[in-house]
Amino acid sequence: MKTIVAATKNKHKIVEIEAITSQFGMNIVPRDEAGVPDIEIPETGKTFEENSYIKAHEIMKLSGQITIADDSGLVVDCIEGAPGVYSARFATFPGIWPDEKDEDEADSDDRDNNSKLIRLIKDVPYEQRTAHFVSVITMVFPDGETLVARGEVHGHLVLEERGKGGFGYDPLFVPLGYDRTFGELPAELKNSISHRANALVSLKEKLEKLNID
């Protein structure tokens, strides 16, 4: 079975991804188990694709093995696509819709990010509070082969956190066709319709077309 190094340290993501890759004889191991130094990789890309590739490529160079990485975030139409690639640090990132916080403060947490988002969209009618989650999964091979899989899920945003499930912006996001947020939906259902689930479906299709020895 081939070994794939995960650029992420998130065990939940690894489990989700390996459910697909294991079908193709690929076993995913966390980067620390592969002997990769505990370093931060600057996400300098302007798109999810760029950041996903940066992470996968850097870890591949350090490990010498096939590496997989994902980059994800929320895109809100009425605020020009923010927070986008800055989703994880939206509340404290000074260059994107500046807030009362500044770059010298601690990293953003989910509540800070959600609070800032609510303040920015509070005067926008529900019908115009459209948004979509994006997940881009990139697999980089030592020989230069690269697979890129993108998944999205569309919906609307509410103005108060609803539900205790999920993480990040989940309590504010109502997917199309539902009346509950990702924070309220059962985890099994949410994970079956999420942006990452859709990206994994795309990744599976690409792996099926690839002749893996």
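# Notebook: sheet, rings and two buried residues

**Entry 1, the sheet.** I began with the strand order and found an open sheet of six strands, running β2-β1-β3-β4-β5-β6 with mixed pairing. I noted that β2 (26–30) and β6 each have a single partner strand and stand at the edges, so one side of each is left without a neighbour in the sheet. Averaged over the sheet and with direction ignored, neighbouring strands are turned by 35° against each other. I keep in mind throughout that this is a predicted model.

**Entry 2, one strand pair.** I then looked at strand β4 (residues 130–140) and β5, which run antiparallel and are joined by 11 bridges. Following the pair across, I found Ile 137 opposite Ala 149 in β5.

**Entry 3, helices on the sheet.** I found helix α1 packed on the sheet, where it touches β1 (2–6), β2, β3 and β4, and its direction makes about 165° with that of β2. Helix α2 (residues 48–63) lies across β1, β3, β4 and β5, and I noted that it runs at about 160° to β3.

**Entry 4, confidence.** I checked how far the coordinates can be trusted, and the chain averages a pLDDT of 89, with 93% of the residues scoring at least 70. Among the elements, helix α1 (residues 11–21) has the lowest mean pLDDT, 80, whereas strand β6 (residues 173–175) has the highest, 98. Over residues 102–106 the pLDDT is below 50, and beyond near neighbours in sequence this stretch has five contacts in the model. I remind myself that predicted coordinates should not be read in detail where pLDDT is low.

**Entry 5, aromatic rings.** Which residues do the ring pairs link into a cluster? I found that the cluster consists of Phe 133, Phe 173 and Phe 182. The count of aromatic pairs comes to three. For Phe 173 and Phe 182 the ring centres are 5.2 Å apart and the planes stand at 50°; the pair is therefore tilted, since stacked would need planes under 30 degrees apart and edge-to-face over 60. Phe 173 has 0% relative accessibility and counts as buried, and Phe 182 is buried as well, with a relative accessible area of 1%.

**Entry 6, lysines over rings.** I looked for charges over ring faces and found Lys 190 over the face of Phe 182, at 5.6 Å from the ring centre. Lys 116 likewise lies over the face of Phe 90, at 4.5 Å from the ring centre.

**Entry 7, His 156.** Is His 156, a residue of strand β5 (residues 146–157), buried or exposed? Its relative accessible area is 16%, and it is buried because the cut-off for that class is under 20%. Leaving aside neighbours within four places in sequence, I listed the contacts of His 156 as Tyr 126, Glu 127, Arg 129, Thr 130, Leu 172, Phe 173, Val 174 and Leu 176. Phe 173 in that list is also a member of the ring cluster.

**Entry 8, Pro 83.** I placed Pro 83 in the loop between β3 (67–76) and α3 (110–121), and its relative accessible area of 2% makes it buried. With neighbours within four places in sequence left aside, Pro 83 is in contact with Leu 74, Val 76, Phe 90 and Tyr 169. Phe 90, one of these contacts, is the ring that has Lys 116 over its face. I also noted that Pro 83 and Leu 117 are 34 residues apart in sequence, while their C-alpha atoms are 8.4 Å apart in space.

Terms used:
Residues numbered from 1 in each chain as written. Predicted model: local features only at pLDDT ≥ 70, side-chain atom pairs only at ≥ 80, totals over all residues. Heavy atoms only, no water. Phe/Tyr/Trp six-rings, centres within 6.5 Å; stacked < 30°, edge-to-face > 60°. Buried < 20%, exposed > 50% of the residue type's maximum accessible area, 1.4 Å probe, protein only. Lys NZ or Arg CZ within 6 Å of the ring centre and 35° of its normal. pLDDT = per-residue confidence, 0-100. Helix = DSSP H or I, 4+ residues; strand = E, 2+ residues; numbered from the N terminus. Contact = heavy atoms within 4.5 Å. Pairing = 2+ DSSP bridges. Axes fitted to C-alpha atoms, helices over the stretch in contact; angles between N-to-C directions.
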